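These are my notebook entries on what I looked up in one structure, written down in the order in which I went through it.

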Amino acid sequence: FRCFSGECFADSGVPIASVLSTNLGWGFVLCYVLSYMLVSMGIFNVILAVYVDITMRAAKETEISTAEQYARESIRIARTTRELLKKFAEAHRVFYDREREDGDRSMMKSLALSASHFLDDANIDDIAITKELFLLVIQDQHVQQLMNDLDLPADRANLFEVIDADASGTLHVTELVQGLLKIRGDLTKSDTVAVLLTAKSVHNMVAELRAK
């Protein structure tokens, strides 16, 4: 017991294991070594098992927390995007109502946007945002705040050209939403690589057409 729990010495200062091995022979030595290894490995395994259990539990809690944060962030982005689309839908209605009344777009310097109900699917496809309307909408303070919440770039006057990839001069709702969600956040290496791969693909297509 003294050897396993503390100092393994007799009262005279001689190691107990040495005294017993001299008196009892190699049979004691073998039993002592085996029992010492059994106790040491057992304690080590218990400590290791506790450490692994704590680590796995912490990893599981972190994974759950990360999943919950991702879910909350996705819901927040969806709600913010929905509010932004409400503003564009309201602006589209106000813009063309005022155009029908006044008959002149050039006099429109701003739009008074209010909260509106989101349009149903039947009317969403009818909304086409022109550059003029887009620039009027982003002047609204609430729209600017929604864009800040979506982490959109500060240079928002040029966003229309970026999102209007087909250069049609108008943005439909699907095109607007996809464009805004793709450009939110900081530029990453994957964004640059995607552009390079797309340019390379287009170059190969042009080369094939030229060869034909």
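**Entry 1: a term I need first.** Before anything else I wrote down what the words for accessibility mean: buried stands for under 20% relative accessible area, exposed for over 50%, and partly exposed for what lies in between. I also noted that this is a predicted model.

**Entry 2: the chain as a whole.** I looked up the elements and found nine helices and two strands in the protein chain. Read from the N terminus on, their order is α-α-α-α-β-α-α-α-β-α-α. The protein chain has 212 residues, of which 25% count as buried. I then looked up its accessible surface, which comes to about 15,200 Å², with 61% of that belonging to carbon and sulfur atoms. For the contacts with a separation of 6 or more, I noted that 61% are accounted for by residues 24 or more positions apart.

**Entry 3: the largest nonpolar core.** Which residues of the largest nonpolar core touch the most other members? The core has 28 residues, and the ones I wrote down are Leu84, Phe88, Ile129, Phe134, Met147 and Leu176. I next looked up where the core residues come from, and found that helices H3 (26-102), H5 (131-137), H6 (141-149), H7 (159-163) and H8 (173-183) each supply at least two of them. Helix H3 gives the largest share, which is eight residues. I picked Leu176 to follow further: leaving aside residues up to four places away in sequence, Leu176 touches Leu85, Phe88, Phe134, Ile163 and Leu171.

**Entry 4: aromatic rings.** My search for aromatic pairs gave two in the structure. One of them is formed by Phe88 and Phe134, and it is stacked, with 5.8 Å centre to centre and 25° between the planes. This pair links distant parts of the chain, since Phe88 sits in helix H3 and Phe134 in helix H5, 46 residues apart. Are these two rings buried or exposed? Phe88 has a relative accessible area of 2% and is therefore buried, and Phe134, at 0%, is buried too. I added that Phe88, Phe134 and Phe160 form one aromatic cluster.

**Entry 5: salt bridges.** I reminded myself of a general point, that side chains of opposite charge can pair when their charged atoms come close. How many salt bridges does a search of the whole structure find? It finds six, and I followed three of them, including the one between Asp53 and Arg57, whose side chains meet at 2.7 Å, N to O. Asp53 and Arg57 both lie in helix H3, four residues apart, which is about one turn of the helix. Asp53 has a relative accessible area of 39%, so I recorded Asp53 as partly exposed.

The next one I looked up joins Arg76 and Glu73, with 2.7 Å between the closest N and O atoms. These residues, too, both lie in helix H3, three residues apart, about one turn of the helix. Arg76 is partly exposed at 32% relative accessible area, and Glu73 counts as partly exposed at 32% as well. I also noted that Glu73 and Arg76 are linked with Arg184 in a network of salt bridges.

The last one I followed is between the side chains of Glu90 and Arg93, which meet at 2.5 Å, N to O. Both residues lie in helix H3, three residues apart, about one turn of the helix. Here I compared the two partners with the terms from my first entry: Glu90 is buried, with a relative accessible area of 5%, whereas Arg93, at 43% relative accessibility, counts as partly exposed.

**Entry 6: two single residues.** I looked up His92, which has its place in helix H3. His92 counts as buried because its relative accessibility is 17%, which falls under 20%. Not counting residues up to four places away in sequence, His92 touches Asp126, Ile127, Ala128 and Leu133.

Where is Asp151 found? Asp151 is in the loop between H6 and H7, and its phi is near 60°, a positive value in a residue other than glycine. With a relative accessible area of 41%, Asp151 is partly exposed.

Conventions: Residues are numbered from 1 along each chain as its sequence is written. This is a predicted model: local features need pLDDT of at least 70, side-chain atom pairs count only at pLDDT 80 or more; totals for chains, interfaces and linings use all residues. Side-chain values use heavy atoms; hydrogens and water are left out. A nonpolar core is a set of buried Ala, Val, Leu, Ile, Met, Phe, Trp, Tyr and Cys residues joined through side-chain atoms within 4.5 Å. Buried means under 20% relative accessible area, exposed over 50%, partly exposed in between (1.4 Å probe, protein chains only). Contact means heavy atoms within 4.5 Å. A salt bridge is a side-chain nitrogen of Lys or Arg within 4 Å of a carboxyl oxygen of Asp or Glu. Rings of Phe, Tyr and Trp (its six-membered ring) pair if their centres lie within 6.5 Å; planes under 30 degrees apart count as stacked, over 60 as edge-to-face and the rest as tilted. Accessible areas come from the Shrake-Rupley method with a 1.4 Å probe; for residues, only the protein chains shown count as cover.
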